[in-house]
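Okay, thanks for coming, everyone. I'll put the model up and then walk through a few parts of it.

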Amino acid sequence: MSDEIKDEKPKKPKVPRQPMPEQDAHKRARNFEEVTTGYTEEQALLEASRCIQCKKPLCTTGCPVGIDIKSFIGLISEKNYLGALGKIKESSLLPAVCGRVCPQEMQCENVCIVGKKNEPVAIGRLERFVADYQGKHGGGDLPKCAPSTGKKVAVVGAGPSGLTAAFDLTVLGHKVTVFEALHKAGGVLVYGIPEFRLPKAIVEREVKVLEAMGVEIKLNYVIGKIKTIDQLMQEDGYDAVYVCNGAGLPWFMGVPGENLNGVFSANEFLTRSNLMKAFDFPNYETPIKKFKNVAVVGGGNVAMDAVRTALRLGAENAYIVYRRSKDELPARAEEIEHAGHEGVKFQLLTAPVRVIGNDEGWVSGMECLQMELGEPDDSGRRRPVAKKGSEFVMELDAVIVSIGTSSNPLLFQTTPGLGQTKKGYIEVESEESCRTTKKGVFAGGDIVTGAATVILAMGAGRNAAKNIDKYLKDGEWWSKENA
Amino acid sequence: MHEILKKTVWSDQVPRITEFVLDAPEIARAHQAGQFVIIINGETGERIPLTIAAKDAEKGTISILFQEVGASTMMLGQMNEGDKLMHVAGPLGKPTHVEKFGTVVCIGGGVGIAPVHPIAQAMKAAGNRVISILGARNKDLLIYEDYMRAASHEVRITTDDGSYHKKGFVTDELKGMIEVEKIPIDLVVVIGPPIMMKFVCKVTEPHKIQTFASLNTIMVDGTGMCGACRVTVGGQTKFVCVDGPEFDGHQVDYDEMMARQRQYLPEEKLAVDICKKKMCHSA
């Protein structure tokens, strides 16, 4: 790697990484408008000029879907923004989404060669810039699709993985129907990630592109209930099925008091606010409670989304309660930083023991233990250990549990032959092939890996499309015995 | 979009009880007794869980009944034949466990009579002797009597004020059947207000009569994603939408369930007040 640095001569050194313009922290902590407002054209050009156009770029290797980053940034420098977008779209369907929600600091920007000595090129912000440029100015053609193959594919779940697979399969000439359980397409992009981080209009725009390409999206279809996978294949004539229904079943802590009023899963809290727009109650009919003292248990992106939503709904004190230290918080660095600026309080090295209720059955507090970090555990992170006698009570009126999700058992109940892993996810030959133990049925995204990121789910959708296309041509399958 | 093919107002008393027959061929084909749908009325609507009260698989229709107790159901009640519901998702939840038990008593209280109807039908079709007990506050609020007579071998009716058949509660009738008439009962299925289900279970428990209770908790997605509907059954947390809606009635923590049902009362009241004002304006 050091050779490569010597090889390259930065064109314009010492231009600092362009900061992302954002709403004032105090103001935005009380509204649902997008936190960051996006680069101006001038900023985008300055930031693009920081890319040294390496001969052997590492950034692409850090991208789960292998976007040709060097080329798209080069096109930005030439002010060919639609060309840059086209370059990204060769590998990723949803640049406006990924530019906003990808953990770039752990992926492309983590390996950026500029970042070895200076701050890395702000790849995510540039990706967002070109996507928003098209959103604002229009332009760009619908992708060309191959002539119809006459094959039909059913995609179960309209989240990032399903939308990506639907896109790729349609380009390859297959007829795709996406079945979505909820009344809006987008999956976690519409029910989970809040408006202030990902405006829903962006998701709608991407879904409309798919529909214009000929993808049919059937809403309110809970596969496994209204129809089984066998029915899709045997009665409705689908030649293959891609299952990407996510890992949506929320975990609770299993501590006493968890069914008190005022305890929610992050999924419930966020679904009310995002999908059902309860933050705008009573203009929207779904209610949401406005609490004064709210604790969100957990430290991931979902926890950050929940705590910042609580703040925007009017909380005076909004806490993140996490059992390890700040260094171990799994959320994106930017979300943690934004949350801190907005006034979220981090109650770290703290583990809940029980939720305390009042006479009316409502939360009044949460008893917690202080933790300290011991020896590293299996995940390589230092294991939190309770300090003896460190019990203390946080005064609260709501507790939002955000400690993860698992797979929904619904599909397994009605799909004979669909193998399940010990952890309850769908068994596949490999994450690369997406082939399940049932012929013609592929699976990918969170339902295979467990809860992960949008971009990884999209990567799985891409793999699935490639392998479904192959299967539709050669009909070959695998068997567990020969594997 | 699902067209309202037929609208029946069962009771004009406030809160009104209304039935829609909806065009929903795929749901009608897949539906089994005990399952529910989630409906959304319009762009700003909430997701409302409603148990399917009847279906016609050949015609491709399902029936839903609702009482106009909240803003969303009040607005739903303004819809007419020919109008279309924006979203209907289902059938959801596990179907009722149906087999030949022997004598099955199906109890419906208030608007809960509607969802008990397909269960009575299925139990009768499975060869059980079905005795139904229907309870209502008064004669005008009693719904589905004829349907329940067709679905049962025998129907008994109680009204709180004695305006129709026996004065009293469904629990009084059930107790009489068990303790006075000495009718051997193999299974009780009960759907109604939580307090009624709780007391029905208190009647059957000492006699060790298996009792299914179908719970109607607060839900958001209805597919296992949010946990708003969670209840404690036998000391364990269960999701009504995917683990239920039917549970062993003797194991359900009704007090916790009733407390959880009251979570949004202030918001519901606010929404109803706004809704009434709007309706006055448009009237």
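Before anything else, when I say helix or strand I mean DSSP runs, H or I of at least four residues for helices and E of at least two for strands, numbered from the N terminus. On the ground rules, this is a predicted model, so local features need pLDDT of at least 70 and side-chain atom pairs count only at pLDDT 80 or more, while totals for chains, interfaces and linings use all residues. Residues are numbered from 1 along each chain as its sequence is written, chains are lettered from A and ligands numbered from 1 in the order in which they are written, and side-chain values use heavy atoms, with hydrogens and water left out.

Let's start with a helix, α4(A), residues 69-77. Just after α4(A), K79(A) has a positive phi of about 60°. Within the helix, I69(A), F72(A), I73(A), G74(A), L75(A) and I76(A) are buried, buried being under 20% relative accessible area, exposed over 50% and partly exposed in between, with a 1.4 Å probe and protein chains only. What do those buried residues of α4(A) pack against? They sit against α3 (41-49), α5 (81-89), α7 (108-111) and α9 (123-137) of chain A, where contact means heavy atoms within 4.5 Å.

Now the domains. Chain A is split into domain 1 (3-137), domain 2 (152-248 + 406-474) and domain 3 (252-403); those bounds come from an automatic or database domain assignment. Between domains 1 and 3 of chain A, the C-alpha centres are 32 Å apart, and the contact uses 16 residues from domain 1 and 15 residues from domain 3. The two bury about 1,300 Å², with 48% of it on carbon and sulfur atoms. That's accessible area (1.4 Å probe) that two parts lose on being put together, summed over both. On the domain 1 side, A29(A), R30(A) and F32(A) lose the most area to domain 3 of chain A, together 43% of what that side buries.

How many salt bridges are there between domain 1 and domain 3 of chain A? Just one, counting a side-chain nitrogen of Lys or Arg within 4 Å of a carboxyl oxygen of Asp or Glu. R28(A) pairs with E342(A), with the closest N and O atoms 2.6 Å apart. R28(A) is in helix α2 of chain A and E342(A) in helix α16 (residues 333-342) of chain A, so this pair ties together parts that are 314 residues apart in sequence. And both R28(A) and E342(A) are buried.

There's also R332(A) with E335(A), at 2.5 Å, N to O, and both of those are buried too. Salt bridges with shared partners join these residues into one network, whose members include R28(A), E342(A), R332(A), E335(A), R308(A) and D305(A).

Last stop, the two chains. The contact takes 42 residues from chain A and 46 residues from chain B. In chain A, K225(A), N259(A) and E285(A) lose the most area to chain B, together 20% of what that side buries. The area buried between the chains is about 3,700 Å², and carbon and sulfur atoms give 55% of that.

We get two salt bridges between chain A and chain B. K289(A) meets E267(B) at 2.9 Å, N to O. E26(B) meets K227(A), the closest N and O atoms being 2.8 Å apart. E26(B) lies in helix α1 (residues 25-30) of chain B and K227(A) in the loop between β3 (216-218) and α13 (229-234) of chain A, so that pair joins two chains. E26(B) is partly exposed, with a relative accessible area of 22%, whereas K227(A) is buried at 10%.
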